[in-house]
Amino acid sequence: MVAELTALRDKIDEVDQGLLALLSQRLKLVAEVGEVKSRHGLPIYAPDREALMLASRREEALAQGVPPDLIEDVLRRVMRESYSSENDKGFKTLCPQLGPVVIVGGRGRMGCLFEKMLTLSGYQVRILEQEDWPQAQTLLADAGMVIVSVPIHLTIDIIQRLPPLPDDCILVDLASIKNDPLQAMLAAHNGPVLGLHPMFGPDSGSLAKQVVVYCDGRQPEAYQWLLEQIQVWGAILHRSSAVEHDQNMAFIQALRHFATFAYGYHLSEENVELEQLLALSSPIYRLELAMVGRLFAQDPQLYADIIMSSESNLALIKRYYQRFGDAIQLLESGDKQAFVDRFEKIEHWFGDYAQRFLEESRTLLRQANDSRS
């Protein structure tokens with residue numbers, strides 16, 4: 001038995017080595033593709049090409065007796081690595097005549113990311129930090145674009161503190177709330193104004209498939225090239241009004257982060273053994289616990305700013321608290337049918353999305369289970 005297993009494992013090792021050689025070859029080809037895209041200003045993420053390629057590989061896998069989900073999982077992981085490697089090739093400069101780009105708060109994590117992407121795209125980038133304010137007028141005198149990338153609670157003050165900018169300078173902010181900063185920029189600068197919200201963390205290896213929300217401010221024709229440049233980086237643009245953005249972020253960020261904070265607070269006060277929870281958890285609970293823990297590994301000031309950024313956030317959280325209480329009353333009543341009726345009413349509200357989310361979550365759950373040691 002031992003000899004038979006050893007022989008089979010040796011053959012598996014040979015196949016694995018062949019897979020490694022093929023992956024190395026694929027990454028080299030991707031690097032060549034990246035160079036071509038860089039020269040011609042093509043986006044690193046081509047959704048139509050990706051969808052067609054995955055559909056073809058799934059059909060081929062099925063014909064060869066290989067589970068289609070397996071080849072798709074492998075290829076998606078390989079493509080993620082490919083997108084990261086394409087970053088290293090740089091990007092075409094879509095606005096070569098642009099003056100220096102000044103990033104206010106450029107030593108912060110998101111500021112560093114934009115400095116990297118703009119530098120890879122051939123732009124001259126300067127950094128303006130707190131200690132540089134005595135030289136701010138000089139640093140900004142010939143700026144072609146100014147990007148404000150500072151904590152939310154400082155954003156409006158920093159915008160109002162900016163010295164007069166050149167008339168054609170593009171003023172941009174990256175805050176996760178948009179209406180108040182956008183209004184502040186419009187009041188502070190008579191030239192082009194744009195609000196951006198990168199919907200991802202600064203530790204992203206690539207901008208491919210990442211969403212960037214943009215809110216038009218003034219003179220959109222002057223910054224159209226920037227939106228196209230962001231698409232060249234691989235990001236997906238989503239246009240929104242500043243008011244609609246903030247309304248949606250109340251649910252996506254403020255309410256969700258507060259609920260996570262409250263759950264983490266409860267776990268810590270109950271003083272549960274996290275190791276035991278992990279040992280006994282199903283994949284979905286392990287994933288949920290990981291998302292809770294992730295919050296507390298990050299900057300508390302950022303989340304305080306997001307949650308406390310407006311009175312409307314507080315009102316929304318209070319309504320959530322009230323409905324949490326309503327749900328507790330269902331438990332106190334002991335009426336299972338009332339609970340089932342409410343459950344089915346909510347299921348009806350989700351409609352087809354419930355099944356869609358069930359299917360999408362299966363991949364995440366498999367990955368969570370795979371990482372279990």
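The buried residues of helix H8 pack against strand S3 (145-148), strand S4 (170-173), strand S5 (193-198), strand S6 (211-218) and strand S7 (236-239); contact here means heavy atoms within 4.5 Å. Helices (H or I, at least four residues) and strands (E, at least two) are DSSP runs, numbered from the N terminus. The residues of H8 that do this packing are Tyr223, Trp225, Leu226, Leu227, Gln229, Ile230 and Val232. Buried stands for under 20% relative accessible area, exposed for over 50%, and partly exposed for what is in between (1.4 Å probe, protein chains only).

Before going on, please note that this is a predicted model, in which local features need pLDDT of at least 70, side-chain atom pairs count only at pLDDT 80 or more, and totals for chains, interfaces and linings use all residues. Residues are numbered from 1 along each chain as its sequence is written, and side-chain values use heavy atoms, with hydrogens and water left out.

You can check the length of H8 yourself. Its 13 residues (220-232) should span 18 Å at 1.5 Å a residue, and the end C-alpha atoms are indeed 18 Å apart; the expected span is 1.5 Å times one less than the number of residues. Now look at what flanks this helix. Gln219 is found in the loop between S6 and H8, and its phi is near 55°, a positive value in a residue other than glycine. Most residues other than glycine have a negative phi. Gln219 is partly exposed, with a relative accessible area of 31%. After H8 comes Gly234, whose phi is also positive, near 105°.

Helix H4 (residues 109-120) can be read in a similar way. For its 12 residues the expected span is 16 Å, and the end C-alpha atoms are 17 Å apart, which agrees. Met110, Gly111, Leu113, Phe114, Met117 and Leu118 are buried in H4. Seen down the helix axis, these buried residues fall within an arc of 160°, so they line one face of H4; the arc is taken from the directions from the axis to the C-beta atoms. An α-helix has 3.6 residues a turn, so residues three or four places apart point the same way. Just after H4, Gly122 takes a positive phi of about 90°.

Next, find Arg126 in strand S2 (residues 125-128). Its side chain reaches the backbone oxygen of Leu139 at 2.8 Å and makes a polar contact with the side chain of Asp142, also at 2.8 Å. A polar contact is a pair of N or O atoms within 3.5 Å; within protein, one must be able to donate a hydrogen and the other to accept it, and residues adjacent in sequence count only if both atoms are side-chain atoms.

Step back now to the domains. The assignment gives domain 1 (1-88), domain 2 (101-240) and domain 3 (245-333), with bounds that come from an automatic or database domain assignment. The C-alpha centres of domain 2 and domain 3 lie 30 Å apart, and 12 residues of domain 2 are in contact with nine residues of domain 3.

Finally, visit some loops. Asn271 lies between helix H9 (242-270) and H10 and is exposed, with a relative accessible area of 64%. Ser281, in the loop between helix H10 (274-280) and helix H11 (283-295), is buried at 8%.
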